[in-house]
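Colleague: Please take a close look at how the strands pair in one part of this model, and then set that part beside the features you consider worth checking elsewhere.

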2 protein chains.
Amino acid sequence: MPVNFSVTSREKRARAGLLATAHGKVETPAFMPVGTQGTVKALEQRELEEAGAQIILGNTYHLYLRPGADIVAGAGGLQKFTAWNGPILTDSGGYQIFSLSELRRIEESGVVFRSHLDGSEHAFSPESVIDIQRKLGSDIMMVLDECTPYPCEREYARKSAELTTRWARRCKEFWETSGPLHGWGQALFGIVQGSVYPDLREQSAREITAIGFDGYAIGGLAVGEPVESLYATVEQCDALLPDDQPRYLMGVGTPENLLEAIDRGIDMFDCVLPTRNARNGMLFTRRGPINVRNAQYKTDSAPPDPDCPCYTCRTHSLAYLRHLFVAREILGFQLATLHNLSFYLWLMRSSREAIQAGEYAQWKRRMRAQLTQNTDLPAARDVRHITTA
Amino acid sequence: MPVNFSVTSREKRARAGLLATAHGKVETPAFMPVGTQGTVKALEQRELEEAGAQIILGNTYHLYLRPGADIVAGAGGLQKFTAWNGPILTDSGGYQIFSLSELRRIEESGVVFRSHLDGSEHAFSPESVIDIQRKLGSDIMMVLDECTPYPCEREYARKSAELTTRWARRCKEFWETSGPLHGWGQALFGIVQGSVYPDLREQSAREITAIGFDGYAIGGLAVGEPVESLYATVEQCDALLPDDQPRYLMGVGTPENLLEAIDRGIDMFDCVLPTRNARNGMLFTRRGPINVRNAQYKTDSAPPDPDCPCYTCRTHSLAYLRHLFVAREILGFQLATLHNLSFYLWLMRSSREAIQAGEYAQWKRRMRAQLTQNTDLPAARDVRHITTA
């Protein structure tokens, strides 16, 4: 088995577990910082470790375009190329093709698209995205899928989910006849689609699990659907996916979203929210999100989050952070990113500990109340799950 | 005495010394990383220490505009505001007024200028720039001067240097009647002007030293003059300035410039070259400067400078750095800045050790040959001293 997953504690549907990969162990629930182009923006690899990251995400679409899969393969894989020596999950690039590139055609064979960088034409097939991920050497590879938008016509969602199933089968077959390129095992995860239609989700989950993968992702969410649909779909998938394998909710979300999804059996997350919002001056704190640009922080000598042990909070005042953002200094991006990821990864560790102690339900309740306490940013409570880029 | 300077070793005109300030000791020759807006761009304060910085430079013009001197004063000074707890030198803002803002009028009383940020009108006088630097609480303050451009008419240079002298006298007088605002001593340095005219330099040096300051800067260089004029002017000033006080060559320069200036009795430097060029992908190495964007590094697994012990060189390959720059990733700025400053500060430490060992002349010869060895960037040898911003 390329990855070994075991659930070590449970509280109702919430689970704490251990995911062992060729590049190290991941304690779940786990949040994966998004390292789109082989770097989590504005953060050094040693700072990722410092923030508590145990696994990061890389992006097949971006890395295929730049620097190119062969260059990464020649360097000995993405871990060696980037000097992040821990586990890496790569997504299949499907999401970026549909959201970022100029999409040309979806065909049975795969997708034809134009690069968002230079307009050049490229094609991805289920086989080629696995081949690229073999070259990248990620610990966990994702199948090629179509991520449907929201809202999505039922008929389109049905046909799309069926195509995703056929692509998933081809990914698996290609992987079985090829295998890893570098000296370590790589896991392959399937993706459940079906938009917000319960019967389509059920059909997709049954077909994808029938193919058999090392883990399962729930895709097609965090694309603008109401938060109730997000939670309902996760809850439904929780009952349909094998209990003894890892479940990964793609592209989600806010701290609240994560807490609710953990409560519904999710083990793994990725989202650009903590990193992208950091670069916009929004800091997640234990008392809710704040916008460090706000004039109220002009002379505030307190750290962004007094309970946070990260370097940013140990070292700097809100007033200094505000100055850095107003003056558009790069250091603001660095410090805010380090803090936000430290916060997200603390939230995951704390969730894990609460599950282990059998106190998750009450911890979640308390934390949710706390996380919406801050009034600096009234709109922040409405910052819902946003999507990866 | 607000600063205590002692020359501890000499080799001909080259000197190794110790400058004690309220916020710590500085070993000379010293290079001061430029922290224009209260941050050395793209570098955390702990990384400045890691790179070996013992003193950094802040900018009166920029900090006056943003966040404002009163905010910094309220935070307890620039050291507390930025959490850089070591020594800080602030320049007077004169250079920025003449180079960056829309200059309105130079008058006997001072200068009237428009902010480069929003066009608002402001005035600096010799007294007000000292008052701002009192609020900033820098360990070393600089007098207001006019930095003449190159080339500069003799008559203009003469009048300008005389104005600089009168302003210097007023700075000193204001400082004597005001004194420090925070709980520590601040030193005040005078600035010698006179463009490239030896008799004007001599006159300026005699007048400025007659007023009496805690240290002396040579200004008005690194503005485009031939490198021979730079060295000749430094050599001349070396003979004119008090031997037992620190000498600071403003805005200089390349590694070669620094080595030659040390050989002519300079103790302190500042320059944006290592940090600004880092953000353009130019790395200084022990074998000469390289441009990490070059295609030749596409698959190069070697570190930028194999002999450099900095985090960047210990951790990353040229191929990865090239990727970061091509993909315009912030991490490229961070890693390149950390390396370049580590290199500059290593160069200063090594110069100091060579002086202490009485081997500076031969070390400088060997180092100069080595620093121009690299052929990746033929133009790099011509990268001369450039000016602070």
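Modeller: Two strands count as paired if DSSP finds at least two bridges between them. With that in hand, and remembering that the model is predicted, we can turn to strand E8 (residues 111-114) of chain A, which pairs with E9(A) in the antiparallel sense over four bridges. Within this pairing, A:Arg114 stands opposite A:Glu121 of E9(A). The wider setting is an open sheet of three strands in chain A, ordered E7-E8-E9, with antiparallel pairing. Strand E7 (102-106) and strand E9 (121-124) of chain A are its edge strands, each pairing on one side only, and neighbouring strands are turned against each other by 25° on average, with direction ignored.

In chain B, strand E9 (111-114) and strand E10 (121-124) are joined by a loop that holds B:His116. This histidine is partly exposed, because 15 other C-beta atoms lie within 10 Å and a count between 12 and 20 is classed in that way. Leaving out residues up to four places away in sequence, B:His116 touches B:Leu100 and B:Ser101; the C-alpha atoms of B:His116 and B:Ser101 are separated by 4.7 Å, although the two residues are 15 apart along the chain.

The backbone has some further points to inspect in both chains. In chain A, the peptide bond joining A:Tyr150 and A:Pro151 is cis, with omega about -5°, and A:Pro151 has its place in the loop between strand E10 (140-142) and helix H7 (154-178) of chain A. In chain B, a cis peptide bond leads from B:Thr28 to B:Pro29, with omega near 5°, and B:Pro29 is in the loop between strand E3 (24-28) and strand E4 (30-32) of chain B. Positive phi values outside glycine deserve a mention too: A:Ala42 has phi near 75° and sits in the loop between strand E4 (30-32) and helix H1 (45-51) of chain A, where A:Ala42 is buried, with 24 other C-beta atoms within 10 Å. A:Ser195 is not a glycine either, yet has a positive phi of about 50°; A:Ser195 lies in the loop between strand E11 (187-192) and H8 of chain A and is buried, with 27 other C-beta atoms within 10 Å.

That loop brings us to helix packing. Helix H8 (residues 198-211) and helix H9 (residues 227-240) of chain A pack at an angle of about 35°, their axes being 10 Å apart, and H8(A) passes H9(A) in a right-handed crossing. The contact involves A:Pro198, A:Arg201, A:Glu202 and A:Ala205 on H8(A), with A:Thr233, A:Gln236, A:Cys237 and A:Leu240 on H9(A); by class, these residues are four nonpolar, two polar and two charged.

As for the interior, the largest nonpolar core has 224 residues, of which A:Leu249, B:Phe189 and B:Leu249 touch the most other members. Setting aside residues up to four places away in sequence, B:Leu249 touches B:Ile218, B:Leu221, B:Val234, B:Ala261, B:Ile266 and B:Phe269.

Finally, the contact between the chains takes 31 residues from chain A and 32 from chain B. On the side of chain B that touches chain A, helix H3 (69-74), helix H4 (78-82), helix H13 (318-326) and helix H14 (330-356) of chain B each supply at least two residues, and H13(B) gives the most, with five. The residues of that side divide into 14 nonpolar, 13 polar and five charged.

Methods: Residues are numbered from 1 along each chain as its sequence is written. Chains are lettered from A and ligands numbered from 1 in the order in which they are written. This is a predicted model: local features need pLDDT of at least 70, side-chain atom pairs count only at pLDDT 80 or more; totals for chains, interfaces and linings use all residues. Two residues are in contact if their C-beta atoms, placed from the backbone, lie within 7 Å. Ala, Val, Leu, Ile, Met, Phe, Trp, Tyr, Cys and Pro count as nonpolar, Asp, Glu, Lys and Arg as charged, and the others, Gly among them, as polar. Axes are lines fitted to C-alpha atoms, for helices over the stretch in contact, and angles run from 0 to 180 degrees between N-to-C directions. A crossing is left-handed if the near helix is turned anticlockwise from the far one by less than a right angle, and right-handed if clockwise. A nonpolar core is a set of buried Ala, Val, Leu, Ile, Met, Phe, Trp, Tyr and Cys residues joined through C-beta atoms within 7 Å.
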